[in-house]
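Please open the structure in your viewer and keep the selection panel to hand. The tour below moves from one selection to the next and says what is to be found at each stop.

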Amino acid sequence: MGAWLRNCWYMAGWSEEVGEAGLARQIIDRPIFLFRLTDGTVAALLDRCPHRFAPLSRGTREGDNLQCGYHGLTFSPRGKCVRNPFGERIPAGTDVPRFEVVERDAIVWLWGGAPEEADPSQIPDFSFVAETPQSRVLRGRMVMHANYEYGTDNLLDLSHIEYVHKRSLGGDGVIFAGEHTVVVEGETLHSNWFARGIPPPSVAYGRYPPDAKVDHWLNMRWNAPASMRLMIGACPHGEPRTAGFELPQAHILTPASEHETHYFWASARYDNLDSKEADAALTNLLLTAFEQEDKPIIEAAYANVRGKDFWAERPVSLGIDRGGTRARRMLEAMKRQEQSTIADAAE
């Protein structure tokens, strides 16, 4: 099903990416320019002048307005053409589509549908991404040359850590010792692993002695189209989870096009907050896992089926992949419902 889900929030970027110069980025096949207004809020317009289609991001600012760098048409943050340098009349059809934007917890979210229908209550909770005096958050973005749903498959099926992440995160047999559950609550999907009474996994090295027994969990939360939060934790075997530790990660995938994805990631830590060495070690670990291990295998797998229908290729089910399969079905149902509503409104 090729149509994009419109009535949902796509991550457009990290807050720090939208600086004084603005940010030009392709999202769901549309060129979009995000820029900060004088009051600090973020606006977003289609990055295309309606005259001869030059990118507005290549123009100049006049206060909160954008002036096209090709022929000087000037637009307000709401996309209204406010000046035609070649005459007092502003031609019909000169306005530029705008997008509703919400900035929350260091993330800039963009609504894919009609601005007046934007619902901020649908933005998933990623509050941990905003640093506090008790937390340090590392974050980044990589471009993945694959359809975003293949990235979702990877994240909702963490069994791959036993094979893909041998050099970084290391499965340590956690998956084989654990139990996998998939639970759907409304439009939120949870794909969780839980292992009881196992030796401390790599994430717990230094927190528990090597001969200890711990309970370990990997809890992934998915919201359409592809916003995922991973909670990684461990506690002494048989004790409440609050007796242990938990580290949150963000994995948010935004399609640039059918074949290219913005992969935004973030990871929080709560120890040695001022340590640059700890920052460097965690950054190196994550970049190894995401850029050197996940990215190549996802891109190679997608290259084998690029341009083909996923279901028509008859993917084999191993049971452990139920999370990704369920998310695909949920996304398809949302698209059908959205398209049906549009069709009904047109009648």
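A residue is called buried here if its relative accessible area is under 20%, and exposed if that area is over 50%. With that cut-off in mind, and remembering that this is a predicted model, select Trp14, which has a relative accessible area of 3% and is therefore buried.

**An aromatic pair across the sequence**

Keep Trp14 on display and add Phe264, because the two form an aromatic pair that is edge-to-face, with 6.1 Å from centre to centre and 90 degrees between the planes. Phe264 is likewise buried, at 0% relative accessibility. If you now colour strand 1 (residues 9-14) and strand 18 (residues 260-269), you will find Trp14 in the former and Phe264 in the latter, so the pair ties together parts that are 250 residues apart in sequence. A search of the whole structure finds 13 aromatic pairs.

**An aromatic cluster and an arginine**

Next, select Tyr150, Tyr302, Phe310 and Trp311, which form one aromatic cluster. Then add Arg328 and look at how it is placed towards two of these rings. Arg328 lies over the face of Tyr150, at 4.8 Å from the ring centre, and its charged end also sits over the ring of Phe310, 3.6 Å from the centre of that ring.

**The cavity**

Stay with Arg328, since this residue also belongs to the lining of the largest cavity, together with Tyr148, Glu149, Thr152, Trp222, Pro225, Gly324, Ala327 and Leu331. Which elements give two or more residues to this lining? They are helix 1 (148-156) and helix 5 (322-346), and helix 5 provides the largest share, with four residues. The space in the largest cavity comes to about 40 Å³, and the structure holds one cavity of 30 Å³ or more.

**Strand 16 and its partners**

Now move to strand 16 (residues 227-236), which is mostly covered, as eight of its 10 residues are buried. Bring up strand 15 (residues 214-223), which runs antiparallel to strand 16 and is joined to it by 10 bridges; the two strands are connected by a hairpin through three residues. To see one of the bridges, select His216, whose bridge partner in strand 16 is Ala234. Then add strand 17 (residues 245-257), which pairs with strand 16 in the antiparallel sense over eight bridges, and where Ile252 stands opposite Ser227.

**A four-stranded open sheet**

The last stop is an open sheet of four strands in the order 5-6-7-8, with antiparallel pairing. Strand 5 (60-62) and strand 8 (81-83) stand at its edges, each with a single partner strand, so one side of each is left without a neighbour in the sheet. Strand 5 and strand 6 run antiparallel and are joined by three bridges, and in this part of the sheet Arg61 stands opposite Leu66 of strand 6.

Finally, select Gln67, which lies in strand 6 (residues 65-67). Is this residue buried or exposed? Gln67 has a relative accessible area of 19%, and because the cut-off for buried is under 20%, it counts as buried. If its neighbours within four places in sequence are left aside, Gln67 is in contact with Gly59, Thr60, Glu62, Gly72, Leu73, Thr74 and Arg83.

Conventions
Residues are numbered from 1 along each chain as its sequence is written. This is a predicted model: local features need pLDDT of at least 70, side-chain atom pairs count only at pLDDT 80 or more; totals for chains, interfaces and linings use all residues. Side-chain values use heavy atoms; hydrogens and water are left out. Rings of Phe, Tyr and Trp (its six-membered ring) pair if their centres lie within 6.5 Å; planes under 30 degrees apart count as stacked, over 60 as edge-to-face and the rest as tilted. Buried means under 20% relative accessible area, exposed over 50%, partly exposed in between (1.4 Å probe, protein chains only). A charge sits over a ring if NZ of Lys or CZ of Arg is within 6 Å of the ring centre and within 35 degrees of the ring normal. Two strands pair if DSSP finds at least two bridges between them. Contact means heavy atoms within 4.5 Å. On a 1 Å grid over the protein atoms alone, a cavity is a set of points where a 1.4 Å probe fits but cannot get out, and a pocket is an open set with protein on both sides within 12 Å along at least five of seven lines; lining residues have an atom within 4 Å of a point. Grid points are joined across faces, edges and corners, and a volume is the space filled by probe spheres set on the points.
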